Amino acid sequence: MRGKIIAANWKMNLNLEQATNLMKDVRDRVDLEKFKSEVIIFPPSIYLESFEKNLTNSLVSLGAQDLSANIKGAYTGEISAQMLDFLHVEYALIGHSERRLNHKEDHDLLTRKVNQALQNNLKIIFACGETLEEKESRKAEEIVVQQVLKSLNQIQHERWSQITIAYEPVWAIGTGKTATPEDANSMHRVIREALFEKIGHLANDIKILYGGSVKPENAGELFKKPEIDGALVGGASLNYLDFIKIINAAE
Ligand code: PEP
């Protein structure tokens, strides 16, 4: 049985005090309740160091929203996978549509980020998802499978255990629209079948999260689907009570 993951992508929100308070509230609740799901927080990177200290003995995992495709050197503003590993950051989020669209991140760059992360012992949440235009032209499955296979094409067999996929239809992110549980489940199955062709039975162990306007009202129905192994949550993860309700819905 694949366990569930509930991941909070805070994006570029919350000042240091707000972020620290929210992290501590989530940490205390998660450590008290010992949820079955793994809970991950992806705060703005500038908070990672202080969060790491606060989460040392906690069940909450810590992730970086981005990392460099390069090893080291003259890359102003970038943060390397090795730096994250030194800070004991456990996860890296790669392939989020906001980076694909706003920073023109393509398959090639994402492959390099994936390789950097894996070589530095980070686990990856790899995001994929179609735009509204791609959905309307009935290309969603083809696009999503391509996103997954092209950027995850150089992974050694033993490294697949470091990979989690997040299917996030772009038209559902931050819009209040969600894929129906049936549609999300069916896309997750398509992704798993494509992975099965590539890596055989290992594909059965890979968690596939859903993301796109997940909130307390829709989380329960999504999590009932057999192919939905949790959620990557944006907006609703900024609200303590909503986020805890989403974790509870996965229990
Ligand atoms: C996201 O950006 O990963 C996301 C899922 O955002 P939201 O939950 O706000 O749609």
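This passage walks through the ligand site, a buried histidine, one helix and the aromatic pairs of a predicted model. Residues are numbered from 1 along each chain as its sequence is written, and side-chain values use heavy atoms, with hydrogens and water left out. Because the model is predicted, local features need pLDDT of at least 70 and side-chain atom pairs count only at pLDDT 80 or more, while totals for chains, interfaces and linings use all residues.

Starting with the ligand, 15 residues surround it, and K11, H96, E168, G174 and S213 are the closest (a residue is near a molecule if one of its heavy atoms lies within 4 Å of it). Ligand oxygen atoms turn up in several polar contacts, meaning pairs of N or O atoms within 3.5 Å; within protein, one must be able to donate a hydrogen and the other to accept it, and residues adjacent in sequence count only if both atoms are side-chain atoms. A side-chain N or O atom of K11 sits 2.5 Å from a ligand oxygen, and for a polar side-chain atom of E168 the distance is 2.8 Å. G174 joins in through its backbone, with a polar atom 2.6 Å from an oxygen of the ligand. On its own the ligand has 290 Å² of accessible area, and the protein covers 96% of that (Shrake-Rupley method, 1.4 Å probe).

H188 belongs to helix α8 (residues 181-199); helices here are DSSP runs (H or I, at least four residues) and strands likewise (E, at least two), numbered from the N terminus. H188 counts as buried because its relative accessibility is 0%, the cut-offs being under 20% for buried, over 50% for exposed and partly exposed in between (1.4 Å probe, protein chains only). Its side chain reaches two backbone oxygens, that of E227 at 2.9 Å and that of I208 at 3.4 Å. Beyond neighbours within four places in sequence, H188 is in contact (heavy atoms within 4.5 Å) with Y167, I208, L209, Y210, E227 and I228.

Helix α5 (residues 107-119) has 13 residues and spans 18 Å between its first and last C-alpha, close to the expected 18 Å (1.5 Å times one less than the number of residues). Its buried residues are L110, T111, K113, V114, N115, Q116, A117 and L118. Their cover includes α7 (140-151), β5 (123-128) and β6 (163-167). After α5 comes N121, with a positive phi near 65°.

Finally, the whole structure holds three aromatic pairs (Phe, Tyr or Trp rings, the six-membered one for Trp, with centres within 6.5 Å; planes under 30 degrees apart are stacked, over 60 edge-to-face, the rest tilted). Y47 and F51 make a stacked one, at 6.1 Å centre to centre and 20° between the planes. W10 joins Y47 and F51 in one aromatic cluster.
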